[in-house]
Amino acid sequence: MECKRCGAGEEEKKLEACPTCRKPVCNDCLLPFQGKGFCSEGCGMWFFHGEGDDESDFEESPDDA
Ligand SMILES: [Zn+2]
Ligand SMILES: [Zn+2]
């Protein structure tokens, strides 16, 4: 298991699973969002707004044409 952002292994850093996508992310890369830590802002948004599907890229622009 290694951080999906910086690639640090669990022996170097403390890793936590993103509540949304379950990918491991280290404490340094964790993005605090509403009191929880996520791998990305997109995951934080998704967790609290409950939209989007997990197969798609979270980096997409929120405004759909
Ligand atoms: Zn990291
Ligand atoms: Zn995530």
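**Figure 1. The buried residues of helix α1 are Cys43, Gly44 and Trp46.** In this predicted model, these three residues lie on the same side of α1, because they cover an arc of only 165 degrees around the axis. The general geometry of a helix helps the reader to follow such a pattern: an α-helix has 3.6 residues a turn, so residues three or four places apart point the same way. On the other side of α1, Glu41 and His49 are exposed, while the buried residues pack against strands β3 and β4. Just after the helix comes Gly50, which takes a positive phi of about 60 degrees.

**Figure 2. The largest nonpolar core is made up of eleven residues.** Two of the residues seen in the previous view, Cys43 and Trp46, belong to this core, and with them are Cys3, Leu15, Cys18, Val25, Cys26, Cys29, Leu30, Phe38 and Cys39. Which elements each supply at least two residues of this core? They are strand β2, which covers residues 24-26, and helix α1, which covers residues 41-49.

**Figure 3. Arg22 has a positive phi, near 65 degrees, although the residue is not a glycine.** Arg22 is placed in the loop between β1, residues 15-17, and β2. Is Arg22 buried or exposed? With 10 other C-beta atoms within 10 Å, Arg22 is exposed, because a residue counts as exposed if 12 or fewer such atoms lie within that distance.

**Figure 4. Gln34 also has a positive phi, of about 50 degrees, and Gln34 is likewise not a glycine.** The loop that holds Gln34 joins β3, residues 31-33, and β4, residues 36-38. Gln34 is exposed, since 9 other C-beta atoms lie within 10 Å. The two strands on either side of this loop, β3 and β4, are those against which the buried residues of α1 pack.

**Figure 5. The whole chain contains one helix and four strands.** Read from the N terminus on, the elements run β-β-β-β-α, and the views above can be placed along this order. Of the 65 residues of the chain, 23% count as buried. When the contacts with a separation of 6 or more are considered, 12% of them are accounted for by residues that are 24 or more positions apart in the chain.

Conventions. Residues are numbered from 1 along each chain as its sequence is written. Chains are lettered from A and ligands numbered from 1 in the order in which they are written. This is a predicted model: local features need pLDDT of at least 70, side-chain atom pairs count only at pLDDT 80 or more; totals for chains, interfaces and linings use all residues. A nonpolar core is a set of buried Ala, Val, Leu, Ile, Met, Phe, Trp, Tyr and Cys residues joined through C-beta atoms within 7 Å. A residue is buried if 20 or more other C-beta atoms lie within 10 Å of its own, exposed if 12 or fewer, and partly exposed in between; C-beta atoms are placed from the backbone. Two residues are in contact if their C-beta atoms, placed from the backbone, lie within 7 Å. The arc is that of the directions from the helix axis to the C-beta atoms.
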